Amino acid sequence: MIPVIGRLQREKNVTTTVYSRALVNKSVIQILKAHRFVKQVEDSELSVVDTFPILQEVAKLDLGPCRIDIGKLAVEYKKDNRGQSIEDYVRAELAEATSNKAGTPEPTDVVLYGFGRIGRILARLLIEKVGSGNGLRLKAIVVRESGKGDLQKRASLLRRDSVHGPFAGTIAVDEEENAIIANGNFIKVIYANDPNTIDYTQYGINNAVVIDNTGKWRDVEGLSQHLNRPGVSRVMLTAPGKGDMKNIVHGVNNNIIEDSDKIISAASCTTNAIVPPLKALEDKFGIEFGHVETVHSYTNDQNLLDNFHKGPRRGRAAPLNMVLTETGAATAAAKALPSLAGKLTGNSIRVPTPNVSMAILNLTLEKETTLEELNEYLRWVSLHSPLQRQVDFVSSPDAVSTDFVGSRHASVIDAEATIVNGRHCVLYVWYDNEFGYSCQVLRILQQISGVEFPQYPKD
């Protein structure tokens with residue numbers, strides 16, 4: 001299976017998945033685990049014996065760039081009682097993918113302004129997505145020079161990560177060109193103290209999307225500094241935007257992005273975690289009001305030991321304390337989902353873990369429900385709804401935070417912890433506040449760059 005999956009990605013820009021879990025660049029064990037996961041959400045197990053014949057038939061087709069879920073195809077084929085051959089079934093299910101082939105989009109240059117936690121994860125994701133060489137091209141990162149050996153240190157931080165593990169591939173440094181070579185991708189390292197000194201065209205970068213993950217500027221005026229530089233066509237912010245800037249949660253309100261929007265925000269990790277399940281509940285049951293409490297891993301904004309900090313409480317040692325702090329996620333949720341305006345309150349507790357957070361949604365619904373109905377609905381949302389890439393679902397009595405490191409979903413419903421009492425419910429939602437959020441940022445980037453490809457089979 002692995003060589004076929006690789007060829008589909010390299011030659012046709014086709015991403016192969018099993019129930020939204022990508023199989024590209026995965027090991028044998030990871031592919032088997034993806035199949036094993038299906039047992040949690042379907043009535044039967046799924047084996048590679050079931051999906052391999054499907055994959056073989058997919059590989060024979062003349063496909064354009066897309067995402068194909070061979071897991072869903074295999075499960076539905078087992079349920080199919082029309083007596084079709086696998087070849088006929090796959091051809092019928094993917095007829096649209098072969099008859100309406102989208103042309104290969106023009107590659108889009110990408111610049112990462114800042115190379116912290118989110119910047120480095122985005123770099124990993126962009127390098128992973130290179131595939132056939134079309135689509136998104138990470139051309140440069142912009143940082144402030146920190147002294148001798150800076151380039152080697154930046155490369156080392158990309159190569160090794162204490163939370164997310166080693167980089168999947170090779171990292172080299174070109175001192176002469178001031179660049180990092182990651183899996184053969186040439187990434188220029190530009191040193192600058194502010195955006196106004198950079199001419200990106202000097203580095204062969206044109207019509208680029210600049211992703212500002214520093215959080216230094218969060219309004220249109222500040223971010224316009226990027227937009228006014230030669231070689232830049234669009235700017236994305238990986239933090240909640242202020243003023244009239246559109247705050248986008250992919251899967252929920254990304255349809256409001258227009259070609260004329262040159263500066264947009266990807267909101268916050270917590271906003272991305274809570275808005276998709278809130279939308280799912282609002283659509284089916286209605287939400288009267290609620291409170292969101294986030295139990296959030298500490299971040300670089302906090303101090304390792306007690307020291308001065310401009311924010312209340314955040315100056316106390318992050319690895320030693322639970323720190324009560326504010327969150328704007330409840331208010332920000334209404335920007336992405338206006339029907340929630342005035343209905344939510346929120347607070348946050350920073351805790352001594354380095355990654356993976358939890359949102360506790362304490363809600364009063366407009367309609368009564370039961371534990372079984374609510375969990376079954378959320379399971380369906382995670383598998384078959386337009387939110388399936390944002391909302392995941394787990395039903396395991398042993399699940400703990402580290403189990404969700406590397407999750408590509410914006411949020412994961414912990415079904416075992418769900419509480420329902422008539423119109424009142426409490427949902428416990430896990431989220432990788434680094435990796436899952438970065439995947440959401442990438443989805444917006446793919447959309448505005450024209451490389452967000454269709455998904456099959458259609459739900």
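Biologist: How many salt bridges are counted between domain 2 and domain 3?

Modeller: The count is 2, with a salt bridge being a side-chain nitrogen of Lys or Arg within 4 Å of a carboxyl oxygen of Asp or Glu. Keep in mind that this is a predicted model, where local features need pLDDT of at least 70, side-chain atom pairs count only at pLDDT 80 or more, and totals for chains, interfaces and linings use all residues. Residues are numbered from 1 along each chain as its sequence is written, and side-chain values use heavy atoms, leaving out hydrogens and water.

Biologist: What makes Glu-434 and Arg-117 a salt bridge?

Modeller: Their side chains come to 2.9 Å, N to O, and the cut-off is 4 Å, so the pair qualifies.

Biologist: Where do domain 2 and domain 3 run in the chain?

Modeller: Domain 2 is 108–239 and domain 3 is 269–435; such bounds come from an automatic or database domain assignment. The contact (heavy atoms within 4.5 Å) takes 7 residues from domain 2 and 10 from domain 3.

Biologist: Why is the pair Tyr-113 and Trp-217 called tilted?

Modeller: Rings of Phe, Tyr and Trp (its six-membered ring) pair if their centres lie within 6.5 Å; planes under 30 degrees apart are stacked, over 60 edge-to-face, the rest tilted. Here we have 6.1 Å and 55°, so neither outer class fits and tilted it is.

Biologist: And what makes Tyr-377 and Trp-380 stacked?

Modeller: The centres are again 6.1 Å apart, but the planes make 20°, which is under the 30-degree limit, so stacked. Both sit in helix 12 (residues 371–384), 3 residues apart, which means about one helical turn separates them. A helix here is a DSSP run (H or I, at least four residues; strands are E, at least two), numbered from the N terminus.

Biologist: How do you know whether Tyr-377 is buried or exposed?

Modeller: Buried means under 20% relative accessible area, exposed over 50%, partly exposed in between (1.4 Å probe, protein chains only). Tyr-377 has 14%, so buried.

Biologist: Which class does Trp-380 get, buried, partly exposed or exposed?

Modeller: Trp-380 comes out at 39%, so it's partly exposed.

Biologist: What makes Lys-284 count as lying over the face of Tyr-377?

Modeller: The rule wants NZ of Lys or CZ of Arg within 6 Å of the ring centre and within 35 degrees of the ring normal. Lys-284 is at 5.3 Å from the ring centre of Tyr-377 and lies over its face. Arg-21 also makes the cut over Phe-37, at 3.5 Å.
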